Amino acid sequence: MAFLLKNSNFSTRFRPHSQKTEDALSLSRRGFHVEPGPREKALLAEDPSLKRFKSHRKGVRTVKRVGDFLTVVVVAGCCYEMYVRATMREEARKQAGGSA
């Protein structure tokens, strides 16, 4: 045990590193707001030449509605299939119990 305490590599692993890392990256991870620089602002600005590649809201809304409808149909179909199997199994039990 004393060997582990004397080993500098072991002891440095458990030291807090918060005193050393006060750069912008660690500040942004903590939730402090860092104003974007001019390059980031230029990259985030709207580019008129890229407008034709953006999705249209009506099309996206339609796809969402179709997806929601299909989800409901599949869930209803699964519930119906489970109901049919349960009733068929119950009828088979009644017939097997009545004839035996």
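This is a chat about charges and cysteines in a predicted model.

Reader: Let's start with charge. Which residues gather in a patch of positive charge on the surface?

Author: Five names to look for: Arg57, Lys58, Arg61, Lys64 and Arg65 form that positive surface patch.

Reader: Take Lys58 from that group. Where does it lie?

Author: Lys58 is part of helix 5, which covers residues 57–99.

Reader: And is Lys58 buried or exposed?

Author: Exposed: the relative accessible area of Lys58 is 67%, and the cut-off for that label is over 50%.

Reader: OK, on to pairing. How many salt bridges does the count come to?

Author: Two salt bridges. As background, side chains of opposite charge can pair when their charged atoms come close.

Reader: Which residue does Lys41 form a salt bridge with?

Author: Glu35 is the partner of Lys41, and their closest N and O atoms are 3.9 Å apart. That counts because the limit is within 4 Å.

Reader: What about cover there? How accessible is Lys41?

Author: Lys41 is partly exposed, at 46% relative accessible area. Its partner Glu35 comes out as exposed, with 54%.

Reader: Now the other bridge. Which residue pairs with Arg85?

Author: Glu81 does, and in this salt bridge the closest N and O atoms are 3.2 Å apart.

Reader: How many residues apart are Arg85 and Glu81?

Author: Four, or about one turn of the helix, with both residues in helix 5.

Reader: Is Arg85 buried or exposed?

Author: Arg85 is exposed, at 57% relative accessibility. Glu81 is partly exposed, with a relative accessible area of 39%.

Reader: Changing topic: how many disulfides does a search of the whole structure find?

Author: Zero, across the whole structure.

Reader: Why is there no bond between Cys78 and Cys79?

Author: Because the sulfur of Cys78 is too far away: Cys79 holds the closest cysteine sulfur, and that is 6.9 Å off. A disulfide would need the two sulfur atoms within 2.5 Å.

Reader: And looking from the Cys79 side, which cysteine sulfur is nearest?

Author: That of Cys78, again 6.9 Å away, and Cys79 is in no disulfide.

Reader: How accessible are those two, starting with Cys78?

Author: Cys78 has 43% relative accessibility and counts as partly exposed. Cys79 is also partly exposed, at 42%.

Definitions and conventions
Residues numbered from 1 in each chain as written. Predicted model: local features only at pLDDT ≥ 70, side-chain atom pairs only at ≥ 80, totals over all residues. Heavy atoms only, no water. Patch = residues over 30% accessible without salt bridge, like charges linked within 9 Å, V, L, I, M, F, W, Y side chains within 5 Å. Areas by Shrake-Rupley, 256 points an atom, 1.4 Å probe, with all protein chains shown as cover. Salt bridge = Lys/Arg side-chain N within 4 Å of Asp/Glu carboxyl O. Lys, Arg positive; Asp, Glu negative; His and termini not counted. Charge placed at Lys NZ, Arg CZ, Asp CG, Glu CD. Helix = DSSP H or I, 4+ residues; strand = E, 2+ residues; numbered from the N terminus. Buried < 20%, exposed > 50% of the residue type's maximum accessible area, 1.4 Å probe, protein only.
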